[in-house]
Amino acid sequence: MSVPSLSQLIEIGKQAIDKCSDALNEVSQQIWNEPELAFEEKNAHFVLTSFFESQGFQVSKQTPLETSFIAKYGPDDGVKVGVMCEYDALPGIGHACGHNLIAEAGAAAAIGLKAILEANPSIKAQVVAFGTPAEEGGGGKIDMIEKGCFDDMDFCMMSHPTPFDSVIFQCLATCQLKVVYHGKEAHAAACPWVAKNALDAAVQCYNNASMLRQQMLPSCRIHGVILDGGVKPNIIPQRSELHWYIRGPKASIRDELKERFLGCVHGAASATGCTVEVDVLDKPYSDIKEAPTLNSLYKKHAESLGVVFPDLEKLPIKDMAASTDMGNVSYVKPSIHPIFRIGDVMNHTLEFTKAAGLPEAQGPTLKSGKAMMMVAIEVLTSDTLLKKIKEEFLSTS
């Protein structure tokens, strides 16, 4: 019996995804219709683990987290390809980042690869679908990294819906801080001179950060909110609280900016006579370490499916940037995180929530899943690509 060619294997994978398109859409819709916050994704966990079990994957539930899972198909001694399924939502606005579609695209890639491995058992490989909770704060993938979930992977993939198509996601390294000022309360009219105004400290901190923005790289971000500024106007506040995000194009730049920002924090305390506590709110997210060969393969195969990648320099939102714990994965394994267009609306808006649930989102989502599948099978059938990918990974900082 002749061995199927790469083009024949790709066709087998594409047909498997098309055959499963209704079931994949149902998975997406069930997740979209019941949005769940970080580490609370019980319905999404059930929907996805049930789907992978029905498709013949070996599924380890609640591994290693309560709402994570690992679904495998293929021998343990082969090349291992990891695909990510995200599924947490945002508070108040549901799936405004389209994680239901991320789950669907990852599941589609896994289904296509499984069909190919069934068609050609001589390919010694394993496809592993990871259910990764809590990307929108919580860092589920970081917990999974720490527990060794990705140690055996040769490379990893995921894709994300946005307002445009791009092979490269401009991901920023980020950290979140809680800043609490403690002062001394007093009657605001009778004896304000005995007080140490914690709200003044919060306002001064905010203004200091605003001035710092003038002298930081255009690619960096500082943004914060005041969550506690007192309880009544005639009581000078003895406590205030702010939450901040610090972002930079690289983890090293983020950390340098964080140190400069802490000068703003402590300067406000000194100026007002208050004391201050600074706590890390969440696990720091890394930028995405590029994988040039994997990226070029994704571009080639997505274009073969009809995707047209725009000139980002001509887009009004070309500088759109965000942060993801997939960045942390990219520092432990070669990884790609392309983005795909589902409409002209921006993520983290109610308009994007609507777009992520529309039938029109299905075509782009499945194309992205197919492109990831095609990347993987080209690597798996090449004598040189995987070696090149790993050499690139080790050679870049």
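1. A salt bridge is taken here as a side-chain nitrogen of Lys or Arg lying within 4 Å of a carboxyl oxygen of Asp or Glu. By that criterion lysine 141 pairs with aspartate 325, and the closest N and O atoms of the two are 2.8 Å apart. Lysine 141 belongs to helix 5 (residues 140-146), while aspartate 325 sits in the loop between helix 8 and helix 9 (326-330), so the pair ties together parts that are 184 residues apart in sequence. Both lysine 141 and aspartate 325 are buried. The reader should bear in mind throughout that this is a predicted model.

2. Helix 5 contributes to another such contact, in which the side chains of aspartate 143 and lysine 283 meet at 3.6 Å, N to O. Aspartate 143 lies in helix 5 and lysine 283 in the loop between strand 12 (275-280) and helix 8, so that this salt bridge links parts 140 residues apart in sequence. The two partners may be described separately as regards exposure: aspartate 143 counts as buried because its relative accessibility is 14%, under the 20% cut-off, whereas lysine 283 is partly exposed, with a relative accessible area of 26%.

3. A salt bridge between sequence neighbours is found at arginine 254 and aspartate 255, whose side chains meet at 3.0 Å, N to O. Arginine 254 is buried, with 7% relative accessibility, and aspartate 255 is partly exposed, its relative accessible area being 35%. Elsewhere, salt bridges that share partners join Glu86, Lys141 and Asp325 into one network, which returns us to the pair of the opening point. In total the structure holds 17 salt bridges.

4. Turning to the chain as a whole, there are twelve helices and 14 strands. For 397 residues, a compact globule would have a radius of gyration near 21 Å, and the 24 Å of this protein chain agrees with that expectation. The extents of the C-alpha trace deserve to be read beside this value, since along its principal axes the trace spans about 95 × 40 × 40 Å.

5. On packing and surface, 53% of the 397 residues of the protein chain count as buried. Among contacts between residues at least 6 apart in sequence, 80% join residues that are at least 24 apart. The protein chain exposes about 17000 Å², and carbon and sulfur atoms supply 53% of that area.

6. One nonpolar patch on the surface can be named: Val203, Tyr206 and Ile226 form it, with about 220 Å² of accessible area together. Of these residues, isoleucine 226 has its place in strand 9 (residues 221-228). Isoleucine 226 is partly exposed rather than exposed, because its relative accessible area is 38% and the exposed class requires over 50%.

7. A last position to inspect is serine 304, which is found in helix 8 (residues 292-304). Serine 304 counts as exposed, its relative accessibility being 51%, and the cut-off for that class is over 50%. Relative to cysteine 156, serine 304 is 148 residues away in sequence and 21 Å away in space, taken from C-alpha to C-alpha.

Key
Residues are numbered from 1 along each chain as its sequence is written. This is a predicted model: local features need pLDDT of at least 70, side-chain atom pairs count only at pLDDT 80 or more; totals for chains, interfaces and linings use all residues. Side-chain values use heavy atoms; hydrogens and water are left out. Patches are made of residues with over 30% relative accessible area and no salt bridge: like charges are joined within 9 Å, nonpolar side chains (Val, Leu, Ile, Met, Phe, Trp, Tyr) within 5 Å. Accessible areas come from the Shrake-Rupley method with a 1.4 Å probe; for residues, only the protein chains shown count as cover. Helices (H or I, at least four residues) and strands (E, at least two) are DSSP runs, numbered from the N terminus. Buried means under 20% relative accessible area, exposed over 50%, partly exposed in between (1.4 Å probe, protein chains only). The radius of gyration is taken over C-alpha atoms; the globule rule is 2.2 Å times the number of residues to the power 0.38. Contact means heavy atoms within 4.5 Å.
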